[in-house]
Amino acid sequence: MGIKYFEKERFFKLDTPNTSYVIAIVSSEGFVGHAYYGERIEDVTGIAELMRVHEAPFTPDTNARDRLSFLDCFPTEYAGHGVGDYRESSIRVKTVGGHSAVQPYYVSHVIYKGKKKLEGLPATWGSEEDVETLEITCVDPVLDLQIVLEYSVFADTDSIARNVRVTNRDVQPIFLEKVMSGCLDMDNENFDMITLHGSWARERRMQRNPLGKGVHSVSSLRGESGHQEHPFIALLEHTATQNRGQVYGFSLVYSGNFVAMAQVNQFDSARVMMGINPEDFSWKLESGETFQAPEMIMTYSAVGIGGMTRSLHELYRKHLIRSPYRNKKRPILINNWEATYFDFNETKLLEIAKEASQMGIEMLVMDDGWFGNRCDDNRALGDWEVNEDKLKGGLKKLVDGVNALGMEFGIWFEPEMISPESNLYKEHPDWAIAIPGRTPGLARNQLVLDISRKEVRDCIIDKMFKVLHSANIKYVKWDMNRPLSDIGGACLPADRQGELYHRFTLGMYEMQERLLAEFPDLLLENCSGGGARFDAGMLYYSPQIWCSDDTDAVERLAIQESTAMIYPLSAMGAHVSVCPNHTVGRNTPFATRGNVALAGTFGYELDVTKLSDEDKAMVPRQVAMYHRFNDLVREGDYYRIDSYQENHYYDCTQVVSKDKSECIVTYVQVLAKPSSHSHKVRLEGLKADKQYALSIVSVKPGEELLQKTDRIFSGATLMKGGFVIPNAWGDFQSTIYYFEEI
Ligand code: GLA
């Protein structure tokens with residue numbers, strides 16, 4: 001790792017273990033250009049030629065007549081607006097005079113060890129040994145607007161974190177209409193682009209298309225990252241696979257409205273940008289004020305998509321998640337949502353807890369329905385007082401009862417919401433986000449609280465603290481069940497209405513920060529109608545996020561595949577639920593549901609008292625499996641071996657320990673295939689010159705968890721030759737194979 005400045009050449013070279021990134025200052029005016037991003041290069045002599053600044057059109061200070069064409073093809077680190085670069089700009093303003101142009105020029109830089117916090121925003125972090133940072137200060141002299149481009153490199157992962165801060169040094173206010181978090185201009189080398197798309201219960205399905213000319217983008221205007229599109233894109237060689245080819249990955253550490261785009265222009269150069277969605281965004285910056293844009297992560301892998309994945313996993317596990325649970329086994333929880341929905345009382349919960357505790361389940365999570373008169377989803381959001389008609393004797397009595405069974409207790413909140421039918425709404429109808437004269441649209445019968453307002457945040461946080469202090473509560477599920485709409489803030493002046501979306505997101509971050517400051521040992525799990533806020537921003541607050549309301553094992557293969565392409569397995573909330581599955585009606589074997597959930601946080605979402613004897617007997621076996629393998633799953637290197645989404649037949653993943661001495665291979669045969677051969681998969685990440693003994697994991701009651709075999713394989717055989725998996729009889733069959741070095 002390291003950042004070097006080459007004074008004579010005016011280069012910055014940023015190195016991660018396997019990648020280099022080169023920034024060059026060009027011309028006496030100080031354009032900040034992008035020279036190179038890719039495999040690590042020690043000697044970068046001659047690299048500036050890649051920027052083509054000596055070809056016509058000429059550098060502006062030596063030949064001003066073609067300034068426009070210079071700007072329109074110059075590979076820049078941060079694109080100005082309105083003065084000649086006709087591609088998408090990185091920044092756009094509105095001055096008091098009504099003008100929108102901006103052009104940043106280099107002024108100075110500083111390189112230092114460590115990394116600063118981002119004011120009010122989630123961001124990666126690290127010690128002075130782990131991280132080094134470059135700040136390039138630019139100025140638009142006409143606007144007296146300062147733009148600081150910040151880059152951090154990490155010693156232990158091939159990722160670069162960057163962000164942008166904008167300060168108004170003029171005496172007049174200025175409006176920021178667009179502030180991207182970063183910009184990267186590259187030659188389009190026959191790239192494909194990967195984006196993620198989905199819906200409720202069908203989150204993050206992968207789309208891979210050739211990157212044609214024009215603008216290709218994903219975005220959200222929902223006030224959250226959303227089910228529909230995701231703050232991530234990857235550009236990769238057309239021939240790149242899981243383990244071959246060049247891949248550039250980009251991920252935004254932000255949970256509100258975003259845009260992530262790639263634009264290919266007339267010269268076949270590809271510009272990548274991501275940041276806060278400029279649509280419906282305008283931020284008034286008074287004289288002397290600074291605006292902090294969210295952090296953007298860039299990763300380059302020369303060894304395929306899997307290399308990008310493992311770099312992001314390392315970065316997020318080591319330098320983003322802060323929770324004390326980051327490197328710890330999480331308690332196996334049972335959540336009562338799919339078991340009871342709103343229809344529960346303390347007796348029912350204790351019944352579930354009693355049965356669950358005997359099976360080794362470690363925590364009961366009481367989901368929606370415990371507060372106010374919340375008997376269904378039409379009411380009571382905001383009334384965060386325990387409903388003692390439902391929970392007789394109160395919350396403490398219930399929690400003590402659960403604790404007495406040897407289990408911990410967790411609870412659900414939806415703090416950003418308000419039901420029109422609630423006491424809170426009666427008291428504060430103006431606290432809901434709405435536009436004067438326009439009835440705000442309902443979704444799931446609820447409105448959104450204007451948590452950009454401090455008094456609103458204070459009130460909700462107070463109510464939550466009261467509940468959380470009243471009993472021994474170790475876990476909170478923080479939900480958000482509708483997107484924002486009808487954007488109007490009762491307390492914002494007309495020229496600040498464009499700030500509401502971002503202020504809402506900042507308000508939510510501030511509330512989570514306060515919650516964690518008050519309860520530092522709390523296990524927080526974020527959630528949004530399933531996985532609508534599964535993003536890097538939320539990982540800064542919660543080490544795990546509910547992945548989807550769809551708990552069907554087959555649907556989960558797809559959802560977990562694309563989620564795990566970016567985020568560590570330890571972050572994916574995954575539970576075993578009953579069949580027929582409540583979302584898709586599919587029946588899958590109980591063992592397969594457990595094997596699929598093992599790739600995430602692992603837990604249950606069902607009424608254990610109603611399980612068949614056969615399934616019931618399997619729960620303690622699955623619990624044992626979780627305890628045996630969670631360290632490996634949580635901390636190991638993840639390899640996507642084969643994908644059911646691609647082959648429509650079977651799914652296969654592998655997790656290898658850091659020292660490569662053991663791995664598990666999870667194989668799910670989704671569809672039976674008659675009259676076919678056993679199937680060969682090629683494993684990865686093992687020691688080629690060592691031998692591994694095979695065991696088969698069994699959750700059958702009465703059997704040893706590890707069924708040892710006498711089969712031995714060299715790492716080279718498994719990786720180069722492959723491993724043969726027999727055909728199973730029936731759909732949805734799965735096996736976990738365990739290889740241990742001998
Ligand atoms: C959302 C969550 C579910 C559950 C319900 C409760 O849909 O994703 O897990 O908590 O809300 O209303």
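**View 1. Domain 1 meets domain 3 in this predicted model.** Put together, domain 1 and domain 3 bury about 410 Å² between them, and carbon and sulfur atoms account for 35% of that area. The model you are looking at is a predicted one. To find your way along the chain, use the domain assignment: domain 1 covers 2-319, domain 2 covers 333-546 and domain 3 covers 640-741. Measuring from centre to centre over C-alpha atoms, domain 1 and domain 3 are 40 Å apart. Domain 1 brings 6 residues to the contact, and domain 3 brings 4 residues.

**View 2. A salt bridge links Glu314 and Lys658.** Here you can pick out the closest N and O atoms of Glu314 and Lys658, which sit 2.9 Å apart. Across the interface of domain 1 and domain 3, 1 salt bridge is found. Polar contacts between domain 1 and domain 3 come to 2 residue pairs. On the domain 1 side, β12 (202-210) and α2 (304-319) are the elements that each give two or more residues to the surface touching domain 3.

**View 3. Tyr604 sits in the largest nonpolar core.** This core has 189 residues, and Phe250, Trp370, Ile411 and Tyr604 are those with the most contacts inside it. Follow Tyr604 outward and you will meet residues from other parts of the sequence, including Ile332, Leu333, Ile334, Asn335 and Ile361. Tyr604 also touches His575, Val576, Phe590, Val619, Gln622 and Val623.

**View 4. Another core lies apart from the largest one.** This core has 20 residues. Look for Val656, Val681, Leu686 and Phe739 among them.

Conventions: Residues are numbered from 1 along each chain as its sequence is written. This is a predicted model: local features need pLDDT of at least 70, side-chain atom pairs count only at pLDDT 80 or more; totals for chains, interfaces and linings use all residues. Side-chain values use heavy atoms; hydrogens and water are left out. A nonpolar core is a set of buried Ala, Val, Leu, Ile, Met, Phe, Trp, Tyr and Cys residues joined through side-chain atoms within 4.5 Å. Buried means under 20% relative accessible area, exposed over 50%, partly exposed in between (1.4 Å probe, protein chains only). Contact means heavy atoms within 4.5 Å. Domain bounds come from an automatic or database domain assignment. Buried area is the accessible area (1.4 Å probe) that two parts lose on being put together, summed over both. A salt bridge is a side-chain nitrogen of Lys or Arg within 4 Å of a carboxyl oxygen of Asp or Glu. A polar contact is a pair of N or O atoms within 3.5 Å; within protein, one must be able to donate a hydrogen and the other to accept it, and residues adjacent in sequence count only if both atoms are side-chain atoms. Helices (H or I, at least four residues) and strands (E, at least two) are DSSP runs, numbered from the N terminus. Lists of a residue's contacts leave out its neighbours within four places in sequence.
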